[in-house]
Structures are given as structure tokens and as C-alpha cells.
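Reader: Hello! Could you take me on a close look at a single part of this model, and then show me what lies around it?

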Amino acid sequence: MKRRTGAGRSIGVALILIWSLGPIYWAIKTSLQTEADARAKPAHYLPTNPTLQNYSALLSGNSDIAPQVRRSAVNIVIECGAATIVTVLLATLAGYAFARMRFRGRNVLFYAVLATMAFPAYTTLIPLYRIMSTFGLVNTYTGIVLVYVSGFVPLATWILHNYFASLPVGIEEAGLVDGARRLQVLWHLLLPLARPGIISTALITFLFAWGQFLFPLVLSSDLSTQPLTVVIAALQGRHVVPSTLLNAAGVLAIIVPAALALAFNRYIVNGLLAGSTK
Amino acid sequence: MLRSTRTALLAGVTSLALVLAGCSGSNDKKAGGGSTQTSGVTITVALASDAPPKAALDAFTKETGITVNWVNIDWDSLQSKISAAATAKTYFADATNVDWSRVGQLGKLGWYYPMDSYVDTKAMAADVPQLASFTVDGHVVGIPYDASFMVTTVNTELFQKAGANPAPQTIDAYTAALKAIKAKGVVQYPLNIPFAAAEGLSTYWYETTGAFGGSILDKDGKPQFTSPDSPGYKAAQWMVDALKSGLVPPGNINVTDSQGQQNLMAKGQVASTFSDYSGNVGTLYNVKKSSSVVGKVKYIRTPGASGPGANLSNPDGIGIPKQAKYPDAAAKFIEWFTATQQQADFAGVNGPEKTFPTYPIPSHLSAVKQMTAKGNLVGGEDLVPMLQGSKPVFEGGAPSWYPKFSNAVYTNLHGAATGSMSVEQAIKTIADTADQLASGS
């Protein structure tokens, strides 16, 4: 019976791995091929004549593509980094307040913040665009970062609320008894304890921001603010799709999030599970 | 997936805009308040294209005092941006792409200035055959800058190997030639039809319907394809039969138009694409890097029901959104960008230094003739008469509900191809959708 269970689990794990890693493998394989090899029939499951020409074209080629990729890579790091910092800062304060402070309407406000997560992103696109336009923030880092922050703060607040709620109240009370103010208690006592939760919130926010396409597409007009995801989409022509180049660009785009996810997967899982058990 | 998501977004944003336009009770909105200044200004031009040569833009600036900020965005993304900016009544660019398929929507929504207020479009009409595709209710929404139209391409070598006429004049002769190619084992599947549920399948059906001697919708948007004797019905049946009888590769169920052209036609795996893109011989099939059929693919006059059929237009145009900051300056740019002489320069007629490398076929017939005379257009002598006789896909311009209609077309034709429904059911569903949309429900 145990052997059967073990075999079933192995098959299940194998299927999940194929399902998850298969497309990534195929993207890497295609990125190492020429267009002719990639379109050969029957398909090659291994790159027969591997080449780095697509990566070379993207990173150091003579065409306009390399400068666009480099600039958009800088843009995406700036936008995701800034959005992560601001989101974590705001969510830390909000999460703490909702978890620990008693004030009228606390629960209503908290659930109202959480409820915004239920709105499809598309419904807020036009109003946000109009607001950003009114304030002259279209095609600026500030505009894109503000939109990201507005989208990610509710989830971050929820994660950190659960984290703060799971910390023993006694530590905080001891600090208050010793004469510390609320912010001092938060800064000196709670934040060190909540560091894993803050790291996981930052990672989740950064990864979500990295995958954004629609909002930066609409809110950025040119290379001064376009992130990598938008520039990759622009590599395809209307009638011609350079599949190997697109796959190479896709592989480059997933390096940073993949590295973060692999290095810090424990934090990400903990963050998503925060508050799920008592 | 990405494309369908973006198409859904585009449809969603446009639907929202249509509802808002309907609620406002008037489409005759006043201009967006842009400046009439035409000198010393910088305009933004957003097209799904590389920028023209810097020297050409500099010359335009010197001549007019207008500086051009060129923004190149892929076509799908550009449509989303146009819809989002117009719905939010927000400036995005002074001149943008106007695609033939969105002319009805843009006209109804009043998102663009009528170009006939700025340019003598009547004088232009004789030399720009596809201007009709951009005209709604007597107003021109955009000026075509390329002359894209649907053509039939054949791999002459494969036809000749089978002893078939590489320039069949009728659908019957064309079908017989394809069957001969298959029967003689020249290639296993001679015909490319992109049956993936995507826009390319819709346009393929429109062109095939035209070849069978009919049209899809009448001027009021009523479906013309419900009877089994109608050209539209016959075209759908012919396409599905071609798949079921083994003329089309079975894998084409999931093949889009560009995939079929790049992976099948350019590799010599199929012998013909009935509805191909004008210009593909020069830009794809005769390019050694991406093709193994260099010099073998030719344009032929579209085989029709009883003789050569028409070629339907699917060109790109350029227009001025109502939120433009400098509409008059944008109009000056459009006039310059779409002028015959400028198009001839871009197309390489007057030397490489003036050439715009990725420029498509010019929209002015006279510029195309100049290209052909100088040998700059592969198959030009075949394309000129086709362009001259090209027709709009929809007689009264693309309807405002075109994206939803096209969605119904490709979804149901794809369903008929997979066998999940019959051609009859697919046609009925498409017709019902058209009736509902045309009646405003």
C-alpha cells in the first residue's frame, strides 16, 4: 500500500515538474536556436547547433534592440524596486495598525482594503490612466510606481497584518510599560521579529510588479519608462514573429524573478501562509 | 494566449466606450481643444513601425518647423493604448495608427478628426484605391499609408512538379491543382489555411468569400452568408472540406496566419496560401535567412467562382485623435508622410539614402508603379492591377462592432474545423451574432 502511495506521489511530482518546467525548457531551447532550426519539422527536442546569437542581438547587437533591452531592464528594476519599497513601508504601518490598534471602524476599513483585491485590474485601468494624466504622471516612474503601489498594498497589508497578529502581545506590552512609544515599539521590537514576513512581502510584491504588462503598457509612452515586459512584446511584427528572439528575451526577463524565487522560496511560502495556522 | 487576452481587453475597452458614447446621446463631440499651431511644435506619432530615416524627418522639420517624436509600438499594444487613451479622454499622441478593421468603431465613437477637413481626400481617391476602406458616413477617418491587401500565393515549382497549372483562374481549377499535388505526392498537404481561432482565420474567410463572388455583410451590416448557395457559406464549406480531405495540414487547427506563412509556405511544406499578405514574396519568401523557397513563390490573380476574383483590402492608415495637442501640425505631417513622392522615396525609388527599410507597399498607386518600374517591388507587375482592383472587406466600412463579429467568425469556423460543430451550425451562429450586433442588442 505504501509502495503504491509512493509511486503515485512520484508520478504526480513528475507531472507537475513537466507541466511547470516544460515550457521554460522549451523557451531556453528555442532561444539557443536559429529561426530555421526552431521551425524545423520534426521539431528538435535538443538544440542541434546551439547558438547565442539571439542573446547577442538582445544585449550587444548593432540594431536598435540592444539599447532598448538595456534601458527597459533598468526601468523595470527601478519601477519594481521603488514599488516594493513604498508598498512594504505603507503595508507595514497599515498591517500593524489593523493588527494591534483599536479604533472605530477598524474591521470595516480592513475588509474594505482587502475587498479592493477582488476588483479586476481592467476595471481600474481607465480611471487610473485619467488620474495619472490629470496630474501629469503618464510616462513617469512616479506614475507607474504609484499605480503598482495602489494595486499591491492590499495584499501586502493582509500578509503583514497576519504576521503582526501572530506575534505575542506581551513583547509589545513590555515595551509600552518601559515607556516606549508605539512607533518605537514597532521599530525596535516588532520589526526585527517580523523580518521574515517583511522579506516575504517584499519578494511577493517585487515578483508581482515584475510580471506587469498592461498598466505599464498604457502608462508609458516611450523607452524612458517602458519596462522589459513591454519592450519584449514590441519585438514581434504584425506579420512576422521572431520566435527565437522573443524566447531569448523571455528567458532574460525571467532570470531575476527565477533567481529570487529560488533563493528565497522559503520566505515566499511563509508569507503566503502567514496567519493560515494558529 | 497573450494576443487573445489583449484582444479581449481591446474589445472590453471599446465596448465600454461604445456604451458611454450611446449614453451621451451625441457623437458630434467638439474637438479636443488642440492647438492650431503648425510651427515650432513637437508632435508625437505612434505607429507599429520603425521610424523613417532621420534625414527624411529632419528635412520635414526644416520645411515645416514641426519636430516629430516617433513612437514604435507593436500593433496589438498600440490598439490597446489608443482605446485606453480615447476612453479616458487623455492625450497619447498627435497622430496614430488607424487600422481598416477599426474604422467603423472609430467613426462611430468620434475619436478621430475627419481627415477630409485637413486633406483634399477627393483628389486623392483616384490614386489611393483603399481610401474607401477608411470612409465612414462620408468622412475619412484615416489616410492609408500602406497598401496591404489579400493575395493568393503559389509555389510554382511544386505546382509544376505535379503538372498543374500554377496560375489557375477559378476555384475549381485551383482545388483540382491542389488535389493533383497531393495525389502525386509532391507534398502531403498542399494548402495553407490558418485555422487557429484568431483574426487571420476571419480575414481568410472574407477573402475566400470574395473569391466565390460575394460579400460578408451588406451596407447595413446584415449577413449575406446564411444560404447554402451564398458565397460566404460556400467559402466556409470549401475551407473546412479542404482540411477534412487532407489538403490542409491537420496541425493547422492551431496555426495562425503568420505561423503558416513562416513555417509552412516559406519552408516549401505547402504549395499555396489562398489568402496571403501582399508583399510577402519580397519580405518573407524571397529572403534566404527565413525561406527555403526563394524565387519560387509568385502572386497569382485570385482564383474565383468563374474567373479571377477581387482582392480585399486590409491596409493601415494614420489619423489624428481628438485629444491631439497639435492636430493641425499632425495633419501637415500626415500629408507629407502619405504623399506620393515621399512614399516613392521611402520605397527606395530615389536611392538608398532616402529608403525606409521596413516601409510596406505604398498606398499611392503612382508610387507603386514607380517602384515596379524601377524593379523595387518583387512581383510588382502582378500586384499593381490587384491593388487597382482591390475592394474594401465591408462595403459600408467595417462596422463599429467588428471585433465582436470577428471573434464570432474565427471561434465558430475554428469549431467547424475541429469537428465540434458543423459548417451549418457555425454559419448560423455567426449570422445570429451579426444580426444581434447590427440590431444594437
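Author: Happily; what follows starts from one residue and moves out to the domains and then to the chain contact. Please keep in mind that this is a predicted model.

Let's begin at Ile143(B), which sits in strand β6 of chain B, a strand covering residues 143-144. Ile143(B) counts as buried because it has 27 C-beta neighbours inside 10 Å, and 20 or more are needed for that label. Setting aside neighbours within four places in sequence, Ile143(B) is in contact with Met115(B), Val119(B), Gly317(B), Ile318(B), Ile334(B) and Thr338(B). For a sense of scale, Ile427(B) lies 284 residues from Ile143(B) in sequence, and their C-alpha atoms are 34 Å apart in space.

Now to the domains. Chain B is divided into domain 1, made of 41-147 + 314-392, and domain 2, made of 150-310 + 400-439. The centres of these two domains of chain B, taken over C-alpha atoms, are separated by 28 Å. Where they touch, 17 residues of domain 1 of chain B are in contact with 13 residues of domain 2 of chain B. On the domain 1 side, α4 (103-109) and α15 (380-388) of chain B each supply at least two residues. That side divides into seven nonpolar, seven polar and three charged residues.

Finally, the two chains. Their contact takes 20 residues from chain A and 22 residues from chain B. On the chain A side, the elements giving two or more residues are α6 (121-134) and α11 (214-219) of chain A, and α6(A) gives the most, with six residues. By class, this side of chain A has eleven nonpolar, four polar and five charged residues.

Definitions and conventions: Residues are numbered from 1 along each chain as its sequence is written. Chains are lettered from A and ligands numbered from 1 in the order in which they are written. This is a predicted model: local features need pLDDT of at least 70, side-chain atom pairs count only at pLDDT 80 or more; totals for chains, interfaces and linings use all residues. Helices (H or I, at least four residues) and strands (E, at least two) are DSSP runs, numbered from the N terminus. A residue is buried if 20 or more other C-beta atoms lie within 10 Å of its own, exposed if 12 or fewer, and partly exposed in between; C-beta atoms are placed from the backbone. Two residues are in contact if their C-beta atoms, placed from the backbone, lie within 7 Å. Ala, Val, Leu, Ile, Met, Phe, Trp, Tyr, Cys and Pro count as nonpolar, Asp, Glu, Lys and Arg as charged, and the others, Gly among them, as polar. Domain bounds come from an automatic or database domain assignment.
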